[in-house]
Amino acid sequence: DIRSINKKLIRLGGFLTIGFIAVAPEALMILSPNSPDYWIARYVVPPVALGTFSQYLYTNYVNVELFHKKTPIIAVSSCFAALLNYILNYYAIGRFGYVSASYTTLISYMALMVLHFAAVRFILKEKVYDDGFIFASLALSILIGLSFILLYGDEMVFRITRYAAAVLLLGIFAFANKNDIMYFTKKGLAGLKKKLNRN
């Protein structure tokens, strides 16, 4: 049961992450319409969003560590990831600029995920989740998410292509999860109808 629900949540998280990446350029324009100098920050969004997704994924393993009261593992892993992030930032930011900090953050979160996975599987000897699915989901999300950067150009053709790709991914996601979507839609409509009848 845990694995089944966890997979659904991961698929949703990956889809939302890609969705945020797809609309990032226009979102920045809306948030700062009179400050076009800030629009270049769109290139920071994909690795930051993917880093947040990685963070969500590794919390699954952290929950197992907390269940077993192995908090020292969490502390050691976090310290290692923080040190890695510091070292990468030290060497990258001066050479490649502030955008590289978003990629070092993504790498650090990925490293943290691997550390927590290793702790759960090889130290605690637990196999709660479908680890292959988790890692494959992250890899696919990174591949798709970073590919969207190629469509961040200002020309209209880039925007049309980017949104066409986003709509295609939405269609694939909806088809793959049609049963769950129909279930929650019916539950939502039933709840709304019940609420209206009360009023």
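A polar contact here is a pair of N or O atoms within 3.5 Å, where one must be able to donate a hydrogen and the other to accept it. Keep that in mind, because it comes up twice below. One more thing before we start: what you're looking at is a predicted model.

## The overall picture

Let's begin with the whole chain. Its secondary structure comes to 7 helices and 0 strands, so reading from the N terminus the elements simply go α-α-α-α-α-α-α. The C-alpha trace spans about 50 × 45 × 30 Å along its principal axes.

Of the 199 residues in the chain, 34% are buried. The accessible surface adds up to about 12400 Å², and carbon and sulfur atoms own 71% of that. As for charge, the chain has 20 positive and 10 negative charges, and the mean positions of the two groups sit 11 Å apart.

How much of the contact list comes from residues 24 or more positions apart? Among contacts with a separation of 6 or more, such pairs account for 76%.

## The core

Now for the inside. The largest nonpolar core holds 29 residues, and Leu 57 and Ile 134 have the most contacts inside it. Helices α1, α2, α3, α4 and α5 each supply at least two of the core's residues. Which helix gives the most? That would be α2, with 8 residues.

Ile 134 is a good place to look around. Leaving aside neighbours within four places in sequence, Ile 134 is in contact with Asn 6, Ile 10, Leu 57, Tyr 61, Met 113 and Tyr 129. Two names on that list, Asn 6 and Tyr 129, come back in the next part.

## Three buried polar residues

Let's take Asn 6, Asn 60 and Asp 131 one at a time.

Asn 6 lies in helix α1. Is Asn 6 buried or exposed? Its relative accessibility is 6%, and buried means under 20%, so Asn 6 counts as buried. Beyond its neighbours within four places in sequence, Asn 6 is in contact with Tyr 56, Asn 60, Tyr 129 and Ile 134.

That brings us to Asn 60, which lies in helix α2. With a relative accessible area of 7%, Asn 60 is buried too. With the same sequence neighbours set aside, its contacts are Asn 6 and Tyr 129. Asn 60 and Tyr 129 are 69 residues apart along the chain, yet their C-alpha atoms are separated by 8.3 Å. There's also a link back to the backbone: a polar atom of the Asn 60 side chain lies 3.4 Å from the backbone oxygen of Tyr 56.

Asp 131 is found in helix α5, which covers residues 131–147. At 8% relative accessibility, Asp 131 falls under the 20% cut-off and therefore counts as buried. What does the side chain of Asp 131 make a polar contact with? The partner is the side chain of Arg 121, at 3.4 Å. Arg 121 also turns up in the wider contact list of Asp 131, along with Tyr 61 and Phe 117, once neighbours within four places in sequence are left out.

## Out on the surface

Some residues sit on the other side of the divide. Here are three of them, with where they lie and how exposed they are.

| Residue | Location | Relative accessibility |
|---|---|---|
| Phe 20 | helix α1 (residues 2–31) | 54%, exposed |
| Lys 69 | loop between α2 (45–67) and α3 (71–96) | 68%, exposed |
| Lys 125 | loop between α4 (99–123) and α5 | 63%, exposed |

Why does Phe 20 count as exposed? Exposed means over 50% relative accessible area, and Phe 20 comes in at 54%, so Phe 20 belongs in that class. Phe 20 is 30 residues from Leu 50 in sequence, while the two are 9.9 Å apart in space, C-alpha to C-alpha.

The two lysines have a backbone feature to check. Lys 69 has a positive phi of about 60°, although it is not a glycine. Lys 125 likewise shows a positive phi of about 60° without being a glycine. Lys 69 sits in the loop between α2 and α3, and Lys 125 in the loop between α4 and α5.

Definitions and conventions
Residues numbered from 1 in each chain as written. Predicted model: local features only at pLDDT ≥ 70, side-chain atom pairs only at ≥ 80, totals over all residues. Heavy atoms only, no water. Helix = DSSP H or I, 4+ residues; strand = E, 2+ residues; numbered from the N terminus. Buried < 20%, exposed > 50% of the residue type's maximum accessible area, 1.4 Å probe, protein only. Contact = heavy atoms within 4.5 Å. Areas by Shrake-Rupley, 256 points an atom, 1.4 Å probe, with all protein chains shown as cover. Lys, Arg positive; Asp, Glu negative; His and termini not counted. Charge placed at Lys NZ, Arg CZ, Asp CG, Glu CD. Core = buried A, V, L, I, M, F, W, Y, C linked by side-chain atoms within 4.5 Å.
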